Amino acid sequence: MGHLIDFEVGDIRDFRPPVGPPGTLLCNPPYGERIGEEKDLQRLYKTLGRVLREHCSGWTAFVFTGNARLSRHVDLEPVEQVPLFNGKILCRLLKYQLN
């Protein structure tokens, strides 16, 4: 299955999906528990939403976060929300259809 999955680390502002048919994106941005402060992460979530809207049309995106307030800054309406836990932290896996 490794030949079907690509992992990349980089700046979200530089992200562009690969050329070809749309697929699925999965990201786990910091949500202020162990990494970052909530007030400092708002810009990251806004940028994530902008990049998804502007460059990922046709794709499906999943965002795993433990901070509902930050997820609102993505400024996209999730089509599904799956509650999950990261240890004791209640999180959500948010699914976005990027049309």
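Colleague: Let's start near the beginning of the chain: is D6 buried or exposed?

Modeller: A word on the model before D6: it is a predicted one, where local features need pLDDT of at least 70 and side-chain atom pairs count only at pLDDT 80 or more, while totals for chains, interfaces and linings use all residues. Residues are numbered from 1 along each chain as its sequence is written, and side-chain values use heavy atoms, with hydrogens and water left out. D6 sits in the segment before β1. Its relative accessibility is 67%, and with buried meaning under 20% relative accessible area, exposed over 50% and partly exposed in between (1.4 Å probe, protein chains only), D6 counts as exposed.

Colleague: Thanks! How far apart are the C-alpha atoms of D6 and Q42?

Modeller: Along the chain, D6 and Q42 are 36 residues apart. In space, their C-alpha atoms are separated by 27 Å.

Colleague: And D14, what is its C-alpha to C-alpha distance to V51?

Modeller: D14 is also placed in the segment before β1 (24-27), and its relative accessible area of 61% makes D14 exposed. In sequence, D14 and V51 are 37 residues apart. From C-alpha to C-alpha, the distance between D14 and V51 is 8.6 Å.

Colleague: In what order do the elements of the protein chain run?

Modeller: Helices (H or I, at least four residues) and strands (E, at least two) are DSSP runs, numbered from the N terminus. The protein chain has two helices and four strands. Read from the N terminus on, their order is β-α-β-α-β-β.

Colleague: What is the radius of gyration of the protein chain?

Modeller: The radius is taken over C-alpha atoms, and the globule rule is 2.2 Å times the number of residues to the power 0.38. For 99 residues that rule gives 13 Å, and the chain comes close to it, so it is as compact as a globular protein of that length. The radius of gyration of the protein chain is 13 Å.

Colleague: Which residues have the most contacts inside the largest nonpolar core?

Modeller: A nonpolar core is a set of buried Ala, Val, Leu, Ile, Met, Phe, Trp, Tyr and Cys residues joined through side-chain atoms within 4.5 Å. The largest one has 18 residues, and α1 (38-55), β2 (60-65) and β4 (89-97) each supply at least two of them. The residues with the most contacts inside this core are L52, Y96 and L98.

Colleague: Which residues does L98 touch, not counting those up to four places away in sequence?

Modeller: Contact means heavy atoms within 4.5 Å. By that measure, L98 touches L52, C56, S57, G58, W59, A61 and L76.

Colleague: Now for Q97: what is its relative accessible area?

Modeller: Q97 lies in strand β4 and, leaving aside residues up to four places away in sequence, touches W59, T60 and V79. The C-alpha atoms of Q97 and E77, 20 residues apart along the chain, are separated by 8.7 Å. Q97 is partly exposed, with a relative accessible area of 36%.

Colleague: Last one: what value is phi of D75 near?

Modeller: D75 belongs to the loop between α2 (68-71) and β3 (80-86), and at 59% relative accessibility D75 counts as exposed. Most residues other than glycine have a negative phi. D75 has a positive one, near 60°.
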